[in-house]
Amino acid sequence: MTKRLFWIAVLLTGFCQLAWAQDRTISGKITDRATSQGLPGVTVIVKGRPTIGTSTNAEGTYSLSVPADANTLVYSFVGFATQEIALTGSNTVSVALATDTKQLNEVVVTALGLEANRDQLGTAQATVQGPALVRSGETSVITALSGKTPGVLITRSTGDPGASANIQIRGASTITGNLQPLIVVDGVPISNSSIGNDGIVASNGGAASNQTNGVAQASRLNDINPDDIATMNVLKGAAAAALWGTRGANGVIVITTKKGRSANGKVNLSYRSTVSIDQINRKVPLQTTFGQGAEGLFSSTNSRTWGDRIADRKGGPDNTITTPGAPGYQGFITFPDGTRRYNIASGTVANPHGGKNSTDIFDHRADMFNNGFSWDNIVSMSGGDDRSNFYLSLGNTHTKGIALQNSDNDRTTVRLNVDRQLTDKLRVSVNTTYARTKSNRVQQGSNTSGIFLGGLRTPADFNNTYFQGDYTDATGFVFPGRQSSYRNPLGRSNSPGYDNPLWTEANVLNQTRVNRLLGSVELMYDITPWLNILNRTGVDTYTDNRSEYFPIGAAAISIGSLTAETIQETQVNNDLIARAHTKLNDNITLTGLVGYNLNARRNTQIGASASAFLNPLSPPQLGNTPATNRNPYNLVTDQRTAAVYGQVDVGLYDQVFLSGTLRVEAASTFGTQVSNTFAFPSATLAWQFTKLAAFSNSAALSFGKLRLSYGQVGVQPGVYLTNTVYVPVAPADGFGTSLDASSYGGGYARSGAQGNPFLKPERKTELEGGFDLRFAHDRIGFSATGYSNETRDAILGVQLPATAGFTSAFKNAARIQNRGLELSLDGDAVKTPDFTFNISPNFSLNRNKVTDLAGVTSVFLNGNTDSETRAVLGQPLGVLFGSRWDRDENGALKLDVNGFPIKAATPGVFGDPNPKWRGGVNLNFRYRALSLNVFVDHVGTADVLNGTRGALNVFGTSVETGRETTVSAATAAKLKVAGTGSGTAFGNATTVAQRYKPNADGTYTFRGIVSNFGGADVALDEGWYRTGLGNIFNGPSEQFKESVSYTRLREVSLNYTLNQDWLRNTAKISAIDLSVTGRNLYLWTNYTGIDPETNLTGVSNGRGYDYFNNPSTRSIIFSVRLTY
Amino acid sequence: MTKNKITALLGTLGIILGSCSKLIDGYDVNPNTALDAPSTLQLTGAELTQGFIMTDEAARTASIWSGVFTGSDRQYDGLQNYITSASDYDGSWGGSYQGTIAQLRIVENKARAVGNNQLLGIAEVVEAQMIGTVADLWGDVPYSTAFDVIANPTPTFDPQKSVFTATQALLSTAIADLGKGGSANVPADIFFSGKKTAWLATAHSLKARYYLHVKDYTNAAVEARLGISSPAGDMVVPFQGGAIGSSANPYYSFVTNDRTGYLTANSSYAAQLLLSRNNAKTQETVRYNYYFDERGAPAVPRDLNVTDGAFQATSSLPLVSYVETQAILAEGLARTGNAPGALSALNAIRAANKAAYTGTGAQYDAYTNGDFASGGLLNPAAAGKTSDQALLQEILVEKYLSLIGQIEEFNDVRRTNNLIGVPKNVATAPSLPQRFLYPQGEINTNPNVPNPIPGLYVKTPVNQ
């Protein structure tokens, strides 16, 4: 019957064509603008005469007889923007159609990597196209996703090349568990861990890492080349992710890589080369008015910059002490260029400058940086025939960071995706990637080798560029290769206090070499036309060879140390899925699947650390140390998950779509004393209400869908919490005093942490609702989603009475909830054949709250003591916690007798690092082959603890410590100063008049400002900042919390495409794309430190803590792509 | 789809689901960490933890509150001024219960299972000393229902006296078990390397100590006679002076490395007492210099001797000693009317001192009865004391000066109602502190903590 109808149609068409056939025949070839391949099946009609038309053949060519009065032809094809071409004298019209991103969005990929129709989904699902990731100029997939979809918050750890970034989808769903979403590439889950110095067991996949020092490691998703990505689908809610059970609570990011396209055996070749220049995008402001020393006197070894006024110095060379035997002679250091540096006499009350004459100042905000650059090359080949497709790419991205040396990242990827229809019923596809990433990482954070910690603390009058030389002591003995730093300018001591940042960059080496193989094989067999079976096997395995080397003389460990280790992660995943599709009658369709999933993850870490190098000239060698200073270690984690799952989709009247899923799962991390299987259900409803008769004639509203979904997902317990273990005994107190039983022949004890064989997965339940609307013939799309979720049975280490024999136990005890709203709009404001202007804003907010903490009021998550992030009952997860000002019941500061505020006796919550809201807007202008894309995003009010500023106040280098104030004698006599009586006149002074000398006119000038905390005016001077409470070491952390908003011009990208015929005919190049992109061009923020999108503890449950974190960068990127 | 096909499909799925657990079985076991350890290694761990608890934070606090040492900076300024909070005691409490006795219970069970009575007896003595110390410091504490998280997740608090009764019973059991023989040597025993006679003597010395604490002087004297019979038999924590954090004396580690300046002997009563005691038969300079040091920076007028005295990295610290045993004997006899016996025990201590402290500035001649008579060397007529009172005073002062740095000093000053007259650090305080506070961790988790929670100046039941 169907066949007969077809022939009738063909005959009718032929008849009609005959009836109108006259005048002339237009022919030509329709190609895909992106690949320049012929597009078969493109509809070609005469404008205004829909009955006169044809479609292109397999090569993409067509031939159509048109009436004499026809003046325009319309070319349309699913997935491509419809194009109209005015007819001229020529009888040949060839058109290159551009893909229509909005229409492509119609097809989305679900949790299992299967395609679905977006308009039938009952959940919100965001799709980001591969080209948008590449266009962003980010070399890492995660940061490229920043701001692009509502409800997804990306926070980079630092701006170092290849550094990790934290992904948070719809707020935090667990407290101490892994907070990162599951990453699924072509249907196979892959690792996105970021393993810090605490190792594979403690970091629980990077979740519980509390690394406040060291280097920022990579997120392993960085190994994927963004250029290989076709689409990225972000499954945010529980219902969408429910088929992943206990791995779905933080959402799922489903990545689909590029596949070849059939084109009759034609091979497409494309090559893209990108060069970018990077520079620091925001500097920490520092004062350059005053020099090294304390109490206004110069001192060349003082750790502080509370010395003399640089401008008041004599100028010219310093008076150095060069005569052996002279008072203050300390020998000298000889630098590689022959320059010698001698001791300089310290200042006195009579002459505050001492021997320091030079008024030279140095810019320590950025003297450890220069321009970075990256060079990114990728060549790809794709093609296929009627039975096979392939995509092959080879890419290399080399990034040199802005640090002067030893900060870089080099990623080489090879991807081969092949699929072939082996028989009419059997299809096989193979996706493989090999990636090699090698990088040098630079020290940062709360770390005496961190380049900012030593760098920003350096006095403005100290030159860091002379960082290493041979020290000759007063007796003439030479110590070769000593480090020179501002506290150790001659290299007299083997320990420099803090490392000179330039010395760190030259000498402290932290290297990783990652070799990674990702592969999957998918077999699909059609048993009957309505039933098929799919088996997908995936392997993700990588080896990370790491070494960290501190040479002799490093501040962190002056005897030198080396750690060499190999981390291996292997994940094997298999899904066996049977799918059936049937149509019960014209109005009811039924689709179902059942599947079986087995997942095994095995991580190993083996390595050794050693310290106290014997031969200082040896390359980094573990053996170059005393045998007693070597510490080998090996760790293994094994996690297995097995599950069966099913899904049923019902379509009613092509307008209501119901879907239900169920996953039943068992995992090795569940307790052995509980039922070892747990079920995670979901149900969704999508109703295309515009299919109702009432809307059928609505010109304005072309599509409308209501969505409702309910789902449950989980979080797996961390590894090995179900057994009680025996641990080596090393008793210790809270002051650091300790013993170690290994010095007594070894001693073991049953751990105080009780294993819990009753441990269950955490369970998150989410309700989500929303609607998708499209207006004006789909020119404008609007989508809104609201959700509410709660995670119960969140796992927490709960305190136990020690008298029962244990001090803690892991229990399913806590609860945490999220509520939020996500809005997105996508509209073509202007749309003509030559010019389009598209504007697509998005907005999201999330409110998080810890609602149960098993009886305790707060749990430490991350950070340094007193600068902590914690889980606090009734507060959002990760609130900033530490010491605060003492306040009365009205919140007013309590003051001491002099009018200074007081530090409160107990610490508490003082900030919330979770943003109040987030939004972005993308503007896209296209005029013919020229397009401009502008992307701006905004993060609204998140608290950041600026620990850097808090520390620099003590050191006297922060910009606020460079201010000067002059007051009258009368004011000075009553203006109180802070600071403790340390026995010196400075310390014993209580007023400005007592502490400082008057000017000639009787007024007093002091370094600091007059402030008022609500009582009398007070002077905030050195006594306040250095020895009083005006810094983060003595004073409350609270005062360095900054409520930050920031708007970022994340991307400006100008692209021009050349695809004229002459190019094809003369150079055999079908298109040349030229683009220039500005990445992260401008940042508007009230934050006083570096880029506020930073976090000391990297990918962890900590947030919003800046403590000498390495800065971010901005880039100008030039790119050319040739397509053959 | 036929019914058969569906059945087959469901059947297959059933098999798959059933095999799920097989695929994951066994992977819950941590391959990085032991699930058990030999009882000997556990004994080492428990002994070292006990040694640490009794010479670390608890000993420092006890010493500050007994006038022996001085808290001089930050939190230790607070301790000096009797400012302390419940969270200061979590470490010592947890180390005693979870780190020591809970481990010893496992050792004891393992020893019983294989009939190793020697190991069993040693573990019992260590346990007895630990629970006795806990009862001394905190008063009513969990014991009879403790260490069984399944049956008693929140143990009840036993009266202090019944804990001491149980301690005596446990020591008696230990003495019996040690007498049964069994494995001759337990090299993992860091105190005596399994030497049975040493353990038997220690058990009796401990019995003497805990009889003394409940003021049963008769039995204290009886047990003391069976106790440690020479300084060579002292139970000491051996500190080998390895790197800080491995086997260095905790006082040394705290004073020189971990918290320099927090703990000094500035204005120490014990130091002043030593300097003011010289008489015709006694010279204390050498002993003073053994414990204290005035060679430090001018900012610290008086320090602990970490250079060549009691608190060097390599200085072992006693937990129970011959001198303490003789002091118990002396006090026990003195308080039960046997002054000659008491004097003889006191002179035994002085003889030990004579052997320990030599050279110029060290003199410990034997005292005679006459020295304590009114107007005698140690009993100025103006004091108006009887001979017995003067003898008791001297016994307690000698013990106070012999046990510097040990928790036992704090027990003695409280038990004797501060008979030797240690001055309060805080003039306004009602007395010396009378106990350690119940730890915050226990208050948070165990509803059986006595309510109201007794304050710092509430005497423990045996001292009331």
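Q: How many salt bridges does the rule count over all chains?
A: Let's start with the idea: side chains of opposite charge can pair when their charged atoms come close. The rule asks for a side-chain nitrogen of Lys or Arg within 4 Å of a carboxyl oxygen of Asp or Glu, and by this rule the count is 73 over all chains. Please keep in mind that this is a predicted model, in which local features need pLDDT of at least 70 and side-chain atom pairs count only at pLDDT 80 or more, while totals for chains, interfaces and linings use all residues. Residues are numbered from 1 along each chain as its sequence is written, chains are lettered from A and ligands numbered from 1 in the order in which they are written, and side-chain values use heavy atoms, with hydrogens and water left out.

Q: Is A:Arg220 buried or exposed, and which residue forms a salt bridge with A:Arg220?
A: Buried means under 20% relative accessible area, exposed over 50%, and partly exposed in between (1.4 Å probe, protein chains only). A:Arg220 has a relative accessible area of 4%, so this residue is buried. Its salt-bridge partner is A:Asp223, with the closest N and O atoms 2.8 Å apart, and A:Asp223 is buried as well, at 2%.

Q: Where in the chain do A:Asp461 and A:Arg313 lie?
A: Elements are read from DSSP runs: helices (H or I, at least four residues) and strands (E, at least two), numbered from the N terminus. A:Asp461 forms a salt bridge with A:Arg313, the closest N and O atoms being 2.7 Å apart. This pair links distant parts of the chain, 148 residues apart: A:Asp461 is in the loop between α7 (451–456) and β27 (468–472) of chain A, and A:Arg313 in the loop between β19 (297–298) and β20 (320–321) of chain A. A:Asp461 is buried at 5%, and A:Arg313 is buried at 5%.

Q: Which salt bridge lies across the interface of chain B and chain A?
A: The rule finds one there: the side chains of B:Arg60 and A:Asp733 meet at 2.9 Å, N to O. For the wider interface, use contact, meaning heavy atoms within 4.5 Å; 67 residues of chain B are in contact with 60 residues of chain A.

Q: How much area do chain B and chain A bury between them?
A: Buried area is the accessible area (1.4 Å probe) that two parts lose on being put together, summed over both. Here that comes to about 5,300 Å², 66% of it on carbon and sulfur atoms. B:Ile24, B:Tyr27 and B:Asp28 supply 13% of the area that chain B buries against chain A, more than any other three residues.

Q: Which residues have the most contacts inside the largest nonpolar core?
A: A nonpolar core is a set of buried Ala, Val, Leu, Ile, Met, Phe, Trp, Tyr and Cys residues joined through side-chain atoms within 4.5 Å. The largest one has 143 residues, and B:Phe69, B:Phe292, B:Phe311 and B:Tyr400 have the most contacts inside it. Helix α6 (residues 117–138) of chain B gives the most to this core, with 13 residues. A second, separate core of 35 residues includes A:Ala554, A:Leu945, A:Ile1032 and A:Leu1096.

Q: Which residues of helix α10 of chain B are buried?
A: In this helix (residues 250–258), they are B:Pro250, B:Tyr251, B:Ser253, B:Phe254, B:Val255 and B:Asp258. Their cover includes α2 (39–55), α3 (57–65) and α4 (74–80) of chain B.
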